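Got your viewer open? Grab the mouse and let's take a walk through this one together, one selection at a time.

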Amino acid sequence: MVVKPRDAALAYKTLNGIVCIYKPPCVPVRRVQQMIITNLCRDLNALPDRPQEKRIEIVGATNAPMTVKLVPNYADDPLICGPRYIQDDFRCSWATHLGLFTSGVLLLGINDGTRLTYHINVARPTRAYKVHGQLGKATDTYFWNGKTVERSTFSHVTREKIDRIVAHMQLAHQKTMFELSGLHMDSQATYELASQGVIRPANNKLPVIYGLKCVHFDPPNFTLEVQAVNEYEKYLWTLVHDLGIQLKTSAYCTGLQCIRQGKFDLELALLRKHWKIEYLIDNMDRCRQILEENETLLRPKSAHLSV
Amino acid sequence: MRCTLLKRFSVSKAINNARRYHSPDYNFDLTNHNLSVQQEQKNALQRTSEDLSIITSYFPKSFNFAAYVNSSNTLQTLLHLNVNLSKIEKKPFVAEKILKLNFEEENTKEILLFIKDYVGVEYIGHFLTKNPLILFETAEDLKIRVNYLESKKFQNESIRKIITQNPFWLMFSTIRIDKRLGYYQEKFKLCGSEVRYLATKQPNLITYNLHHIQTNSFVIKEEMGFNDNEVKELILKIPKVWMINQHSLLERFNYVHNVMKIPHEKVLHYPNILLCRNFKVKQRHIFLEKLGRAQYDATKENYVPLSALIEGTDQDFCRTYAKCLVDDFNTFLKTM
C-alpha cells in the first residue's frame, strides 16, 4: 500500500533513483519531466516542514549594557524567501527518448538517478513496441497525421502472407546485426559469436530489430510487436510503410506504444493520475529492486543480448 | 532552496524605509556623521563613549526582499498581512516601489482600511500579492470607482465579490470600466441585470484582454457554430469559456461534438464539459465505448450523463457508470 511521507526533508532525500512512467501520447517527454517535477515540488511544499529559523539580535545603546534577544528570522519565512522546494532543486533525465506520438514505458532519473539513466542508455537494453498499422492507405509522414498520398486495395492480404513477409524482414535485420559487428562474415570468430546467440550493437546510431511478429490481424488493421535497440519513432513508421509495399499494397502507422524497456514493463509504469509523491517514491523503490536483481541491466558483461 | 531573480533591484534609492534609525529626532546625514567621527578620533580601533546604535548597517544591493525584511517595518507589516513577497519581488520595478512605501502616510493607511473593508481580513494577503500597486493609487479614486458600481445598482454583496475575486478591478478608471460593461452589453445583447449578473459571476472577464475575448467570440460563434441566443446563454452560464485558450477550446468542442456526437443543445445544457481538459473526457469516453456503454441519450436506457465524464473520482465513475473495477480502467489506460 502506498504511504504518504511524513516529512518534506526526508522525502526529498529519498527521491534519488529512477521512476517508470507511462507516457501519454501527444505529450512530449520534456513536458512529462516538467509535470513530474512540478508535482513533486507541489507535494513537498504541502508536507510538514522544518521550523522557522530564529535569529539573535543585540539591541540597545552601545555605551550602556546591551540586551540579547532571540527573535524569529523573517528572512526564513516561505512568504519572503519563496517556497522551500522549487523546480531547480531537481535534476531529471530520461534513459531513452520516446517520440511525441509514442506512448508507453518511459524511464526517468531523478536527482542521483540521472547517473543510472546514463548507464541504462549505454547498456542498450531492448525495447518492445506495439506498432498499430492500417492497410490500404499511405501518408507522406508514414503516420496518421500526414497527408494521404496513395490508396490501394488490400483484399489479397492474408494472415499467412503478412507472417511470411514479417519473418523475412526479421531475418534481414538479424543478418545486418552481424555485419555491423565489424567482423568478416566468413571467419571463425564470427561463427563463434553467432553460435552464442544474438549480439547487441556497438554504437547508438543504427537501429537493430531482434524480433518482429504480427500479433493481431483484422484487415485493414494489424498490430506488430517489435523488439529493437536504437530504434526511433520515424524508423518504426517506415517499417510499417515498407511492410505495406512488400505486401503489394500500402500501409501507414496508426499508433505506437512502448510496452517494455529492459525489465521495466507496463505493469510497473505509473499513469498520469498517479504522478504524486507517494506513488513516485513507491515506484522508485520497485525500480531499485529490479535494478538490484538484474545487474546486467546497468553493466552488461558480454556483447550478447541478455535482456 | 533559494529562489533566483533575474534582475537585481537597488535599494540605495529606496533605503529610507529599510534603514531604521532608533532615535526619531536623529536628523543628520549618515555620511556627515562618519566624517565627524573621523575628525575627532584618528584611529578606528579607539574606544568611544558615544551611542552608535543609531547607525544602521550598510545594505548592499540584493536580489530579494529577504535581505531587508528583518530591518524594514514596511516589509514586516506586509508579511503580517500574509502578503507573498516572494512573488512580488519577481517584478523588480514593483519591488522598488514597495520598499519606498510608508504605512504612516494617510493615503496608504486609508487604502489599506478600504481594502480590508471590502475584501475581508483573510483575503487581504492574497489581494495584495496579486495587485501590490493598488497601494499607490489615491484613496479618492478607489472610492469613486466603488461609487460608480453603486450608481449602476450593484448590490453591496456583489461589489464585495467583484473586488475580492478580481484584485485588478479597482485599478481601472470608471471610464474604462464603463466602456467594458458597455462592450459586453452590446456584444452579447444583455439587459442591465444580466450585465450585473455577468460582472458578479466572473469579474475577471470584464477586465480581460479584449482581443482574446474577440477571438474566442469568433471561435464560439463561427467555428463552433452556436447562434446568438445560445452564445448569450453560454456566457451567462460559464463566462470562463471566453478566457481559455482558443485552440484548446476548439479541440475540446471538436471532440465532444464530432467524435462523441453530442449536439449543440446538449453541450449547452451541460457546458462545463468545455472546461475540462480533453484527455480526461477522451479516456472515459473511449472506455465507455469499448464497454458498449457510451450512451448519452437521456430518452434511452443505460443513460450516461455528460457530467459523469468530468466529475468525480475514477472509482466513482467506474462503480456508477462503467460498472467495473477501477483496476480494469487503469489497465485500459495503459493501452492508450
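Here is a tour that starts with a whole chain, goes down to a single strand, and ends where two chains touch.

**Stop 1: chain A as a whole**

Keep in mind that this is a predicted model. Select chain A and show it as a cartoon: you should find 8 helices and 12 strands. Now turn it around. Along its principal axes, the C-alpha trace spans about 100 × 50 × 35 Å. How does the radius of gyration of chain A stand against that of a compact globule of 307 residues? The globule would be near 19 Å, while chain A has 27 Å. Buried residues account for 33% of the chain's 307 residues. Also, take the contacts in chain A between residues at least 6 apart in sequence: 70% of them join residues at least 24 apart.

**Stop 2: the domains**

Next, give each domain of chain A its own colour. Domain 1 takes in 1–49 + 84–125 + 267–302, domain 2 is 51–83, and domain 3 is 126–261. Notice that domain 1 is written as three stretches of the sequence. The centres of domain 1 and domain 3 of chain A, taken over C-alpha atoms, are 30 Å apart. Zoom in on where these two meet: 12 residues of domain 1 contact 14 residues of domain 3. What sort of residues does domain 1 bring to that meeting place? On its side there are 6 nonpolar, 5 polar and 1 charged.

**Stop 3: strand S6**

Stay in chain A and select residues 127–135, which form strand S6. Is this strand mostly covered or mostly open? Mostly covered: 8 of its 9 residues are buried.

Now add its partners:

- Strand S10 (residues 221–229) of chain A runs antiparallel to S6(A), with 8 bridges joining them. To see one bridge pair, show Lys130(A) together with Glu225(A) in S10(A).
- Strand S11 (residues 251–261) of chain A also pairs with S6(A) in the antiparallel sense, over 9 bridges. Here, pick out Ala128(A) and its bridge partner in S11(A), Arg260(A).

While you have strands on screen, one handy thing to know: in a regular strand, side chains alternate between the two faces of the sheet.

**Stop 4: where chain B comes in**

Finally, switch chain B on. 23 of its residues are in contact with 25 residues of chain A. Which elements of chain B give two or more residues to this side? Select helix H3 (73–80), helix H4 (85–88) and helix H20 (326–333) of chain B to see them. Colour chain B's side by class and you'll get 11 nonpolar, 8 polar and 4 charged residues.

Note on methods
Residues numbered from 1 in each chain as written. Chains lettered and ligands numbered in written order. Predicted model: local features only at pLDDT ≥ 70, side-chain atom pairs only at ≥ 80, totals over all residues. Domains from an automatic or database assignment. Contact = placed C-beta atoms within 7 Å. Nonpolar A, V, L, I, M, F, W, Y, C, P; charged D, E, K, R; others polar. Buried ≥ 20, exposed ≤ 12 C-beta atoms within 10 Å, placed from the backbone. Helix = DSSP H or I, 4+ residues; strand = E, 2+ residues; numbered from the N terminus. Pairing = 2+ DSSP bridges. Rg over C-alpha atoms; globule rule 2.2 N^0.38 Å.
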